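Q: I would like a close look at one part of this model. Please take a single helix, its surroundings and its charged contacts, and walk me through them.

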Amino acid sequence: MSHADEAQGAAPVPADAALAAPATDSTPDVVDGIAFARLYGEPLFKLPTDLYIPPDALEVFLETFEGPLDLLLYLIRKQNFNVLDIPMADVTVQYLGYVDQLRQTNLELASEYLLMAAMLIEIKSRMLLPVKKADSGDEVEDPRAELVRRLLEYEQMKLAAQRIDHLPQLGRDFLRADVYIEQSITPRFPDVNSEDLRAAWADVIKRAKLVQHHKISREELSVREHMSTILRRLQNARFMEFSDLFDTSKGVPVVVVNFIAMLELCRESLVEITQAEPFAPIYVRLAYLPA
């Protein structure tokens, strides 16, 4: 029987069964191993053969620096050089070697370090020249002085930043604790002492005085009646002192009306008001002889 006959004689395979049974087995050889990644929820124990990886994706930087000063300080501290007496030849060679490696991978980043490289070369060149004293007789400043000052200031700021970073930070070192306290349904009111009650009563009295009303009532006072009263009192006495004719206990309105009645009696020449001398007591008497 030929292969064609065998194919014709074989039973047909359903389409669903063909999809359910793939041609290659994707089950990993080591099931108990640790997967380095997951793809759509499935563990991956080895990299796919058709995966494209960019050339720069797997670069490893053993040392990272924040800038030229950071690199220079690293080279000095790594070899235990004295910052105040930097061996410029050794440091410059090491610095240029790092910059040369950096230019091969990242030219834009290397441009930030070229200015410091030029400064190191300039300092190295100035140190090779013979030292000349200044005209004033003072010693010439060390060409490394400005660089040393910048390095010391940068190191102080770097150490301060590290100390600040070691402080506990919210969200990194600790989390804010939220506590739920179930409150009682029945409210509990505070107790009231006698001092609080006295202060509340004083406030009520103070507000009551602010809204009190002043009522003016009309009182009927007759001038003629007071004129008759004065005449009756003078008939029993020859003289009476001016202040004795006023009863101050009855209030100001009565005193005013009594004074008006006395003025009316003087106008009608029924009484006389006399005084022996200036500033002497004032007396009142009848201007006529009583019957």
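A: What follows is a close look at helix H9 and the parts around it. The model is predicted.

Start with the extent of the helix. H9 covers residues 252–267. Its 16 residues should span 22 Å at 1.5 Å a residue. The end C-alpha atoms are 23 Å apart, which agrees.

Next, the buried side. Val 254, Val 257, Asn 258, Ala 261, Met 262 and Leu 265 are buried in H9. Around the axis they take up an arc of only 145 degrees, so they sit on the same side of H9. The cover over these buried residues includes helix H8 (223–235), strand S4 (271–275) and strand S5 (282–286).

Now the other side. There, Val 252 and Arg 267 are exposed. Val 252 also belongs to a nonpolar surface patch with Val 256 and Ile 260. Together the three have about 260 Å² of accessible area. Ile 260 lies in H9. Its relative accessibility is 38%, so Ile 260 counts as partly exposed.

Arg 267 has a charged partner. It forms a salt bridge with Glu 264, with the closest N and O atoms 2.7 Å apart. The two are 3 residues apart in H9, which means about one helical turn separates them. Arg 267 is exposed, at a relative accessible area of 60%. Glu 264 is partly exposed, at 24%.

The chain then leaves the helix. Just after H9, Ser 269 takes a positive phi of about 60 degrees. Glu 268 forms a salt bridge with Arg 224, and here the closest N and O atoms are 3.5 Å apart. This pair links distant parts of the chain. Glu 268 is in the loop between H9 and S4, while Arg 224 is in helix H8, 44 residues apart. Glu 268 has 32% relative accessibility and so counts as partly exposed. Arg 224 is exposed, with a relative accessible area of 52%.

That leads to H8, one of the elements covering H9. H8 has 13 residues. From first C-alpha to last it reaches 19 Å, close to the 18 Å expected at 1.5 Å a residue. Its buried residues include His 226, Met 227, Ile 230, Leu 231 and Leu 234. Seen down the axis of H8, the buried residues fall within an arc of 140 degrees, so they line one face of the helix. They pack against strand S3 (240–241), H9, S4 and S5. The face turned away from the buried side carries the exposed residues Glu 225 and Arg 232.

So how do the two helices relate? H8 is among the elements that cover the buried residues of H9, and H9 is among those that the buried residues of H8 pack against. S4 and S5 appear in the cover of H9 and also in the packing of H8. The salt bridge between Glu 268 and Arg 224 adds a charged link, running from the loop after H9 to H8.

For context, the structure holds 11 salt bridges. Another one joins Glu 146 to Arg 149, with the closest N and O atoms 2.3 Å apart. These two are 3 residues apart in helix H6 (residues 145–165), so about one helical turn separates them. Glu 146 is partly exposed at 42%, and Arg 149 is partly exposed at 39%.

Terms used:
Residues numbered from 1 in each chain as written. Predicted model: local features only at pLDDT ≥ 70, side-chain atom pairs only at ≥ 80, totals over all residues. Heavy atoms only, no water. Patch = residues over 30% accessible without salt bridge, like charges linked within 9 Å, V, L, I, M, F, W, Y side chains within 5 Å. Areas by Shrake-Rupley, 256 points an atom, 1.4 Å probe, with all protein chains shown as cover. Salt bridge = Lys/Arg side-chain N within 4 Å of Asp/Glu carboxyl O. Helix = DSSP H or I, 4+ residues; strand = E, 2+ residues; numbered from the N terminus. Buried < 20%, exposed > 50% of the residue type's maximum accessible area, 1.4 Å probe, protein only. Expected span 1.5 Å × (residues − 1). Arc of directions from axis to C-beta. Contact = heavy atoms within 4.5 Å.
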